[in-house]
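Biologist: Hi! Could you walk me through this model?
Modeller: Happy to, here it comes.

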Amino acid sequence: MGMRKLIPSNLVGFSKAFSSSSSSAVPGKLSHSNPKSFDPNPHSLHQFLTQQRKSGAITLDEALHFFDYMIRMLPPPPVSSFNHLLGALAKMQHHDHVISFFQRLNSVGVFPDIITLNILLNCCCKMGLASDGFLVLGKIFRGGYSPTSTTFNTLIEGLCMDDKIGEATRLFKNMSVFGCQPDVVTYGSIIDGLCKHEMVEKAKQPYFQMKSRGISPDVVVYTSLLQGFCFMGNLEEAKSLFIEMVDEGVQPNVVTFTVLIDGLCKQQRLQEANELLDLMFQRGQHPNTVTYNTLIDGLCKHERMEEANRVIGLMIQRGKHPNTRTYNTLIDALCKCGRMEEANRIIGLMIQRGKHPDVVTYNTLIDALCKDGRLDKANKLLHLMIQRNEHPNMVTYNTLINALCKQGRLEEADGLLDFIIQRGQHPNVVTYNTLIDALCKEGRMEEANRLLNFMTERGQHLDTVTYGTLVNAFCKEGRMEEANALFELMIQRGQLPNTVIYNTMIDGLCKNGQLEKASDLLKEMEESGCFPDVVTFNTFISFFCQKNETSKVVEFLLKMKQKNMSPDTMTLYIVLKLLSNLKDERRQELINELPTFPAREPPCG
């Protein structure tokens, strides 16, 4: 019999884990610890498991065998022995096994303690099932245990990882209700979660709270806040916090420096980023590959290739080997600068050093070749990529399809679509949108419609770009019935039209003399919460100018003023054209009727 996982890989919900059980045996070969030859004395077993957990020497097969052996012992070992085994499994990231073993413990009459439940909660959170972790919390209460700081820390961190920052914050605030106070780990988790969700101002509150309670922030807390400040572009506050951190005797680690270097690079303060790397060496910190890659990426994005090469040289000199990402960064920058020969030289160097080009490398080169109009060479590179067992992704294919469409090679683009499907890959909405747009631009509306139907049959979701492209094409051809049918279908399927699509429909209706329908659509647009813009009003104003309905022109200009909307160049052109067609007396009357708009600030620089 083989070991059967009780929890499926897709884990529908953790609640099911409490309602089923199994006792299947786990055969296999043990590398060095055979439970059958082991002294069955519970004390000896407990000591052995403690030692194995601490050393990390136990393998998955051994853990499975020991567990199967232990639940067959009469009487079974104490729950603390099982905790050591479950803890070792959790440490090895075998969270699904921990959950299935938990069920089997119940079936043999071994009841969990608070440590068991905390291990279970940790596994639950690591598997992205933090909400189901509340079931474990309920089990803790029902078992008569008091949750520990570890319980809350695990659950808060899990909720933050699952993007449930609101629930995490509420739990953090209510810890004291359960007789538990936040510790430095709790504060670190909630501050990190808030910062990663761009809620840096809110993250300051627990930071000041912990200091007021006499809890000293550690390097994790400081680094999380620094990352938040850097992400928001607030480098001055980050600098002040860094100084405070050092003054408080908290030593910045490699992650701290990497976060600051990244922040400086994003603000184009590359000299300071270089100086910070030097400071790392002075303070005895050893930059890792991520640190070097961060600085190299910043330099490459600003076309400072020689400096980037210098940092790579320093990196190798300091015993850190560039990885595929390092080379990809350099190759991407060289391609964007049009230095393809140098990019190819770097690929050769990369292979010599034992790093193989990945899908990102190939995508970068294919994109550069396509932009340079060398599509045949890009296509050859695609096939070379496949020969080398590097699987193209949809970025690869979409880059080529887009380039083929731009060159009017639609049959080849369509052939590539067939090739993708034959390989068992799934074109995405971008793939279809690119092809539909190209067909529409060539007036091949029936083919575009067929592709739309094919897309729907394959279960591909249509987005606003799909609908907008086709609606625009139908409107340009004056096929308003088909445009309107697609517009209605879009709404029926829960896809709300944006301002551009409304403007397209209004323009098409006006050009077809359907003013009443256009006016109704404007009203519907506003009622749906989609606000008209200057293009919307220009469409109506242009229509009324052509009809010499000057009162309506004034009416719509007044509406623009009421909505604090300024006319653009097109508005002025339309109105001036109208004025030029009027007789002197009527022209002056209209000028007097036109509303006055506030003067706009001139553009800077």
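Modeller: One term up front: buried means under 20% relative accessible area, exposed over 50%, and partly exposed in between (1.4 Å probe, protein chains only).

Biologist: Thanks! Where does F178 sit, then?
Modeller: F178 is in the loop between α8 (165–173) and α9 (184–196). Its relative accessibility is 35%, so F178 counts as partly exposed.

Biologist: Which residues form the nonpolar patch on the surface?
Modeller: F141, V177 and F178 do, with about 280 Å² of accessible area together. Patch residues have over 30% relative accessible area and no salt bridge (side-chain nitrogen of Lys or Arg within 4 Å of a carboxyl oxygen of Asp or Glu). Nonpolar side chains (Val, Leu, Ile, Met, Phe, Trp, Tyr) are joined within 5 Å, like charges within 9 Å.

Biologist: And which residues form the negative patch?
Modeller: E488, E516, D520, E524 and E527. Helix α28 (residues 515–527) gives the most, with four residues. D520 lies in that helix, and at 47% relative accessibility D520 counts as partly exposed.

Biologist: New topic: how many helices and strands does the protein have?
Modeller: There are 32 helices and zero strands, taken as DSSP runs (helices H or I, at least four residues; strands E, at least two). Of the 605 residues, 48% count as buried.

Biologist: Any caveats?
Modeller: This is a predicted model, where local features need pLDDT of at least 70 and side-chain atom pairs 80 or more, while totals for chains, interfaces and linings use all residues. Residues are numbered from 1 along each chain, and side-chain values use heavy atoms, leaving out hydrogens and water.

Methods. Areas by Shrake-Rupley, 256 points an atom, 1.4 Å probe, with all protein chains shown as cover. Lys, Arg positive; Asp, Glu negative; His and termini not counted. Charge placed at Lys NZ, Arg CZ, Asp CG, Glu CD.
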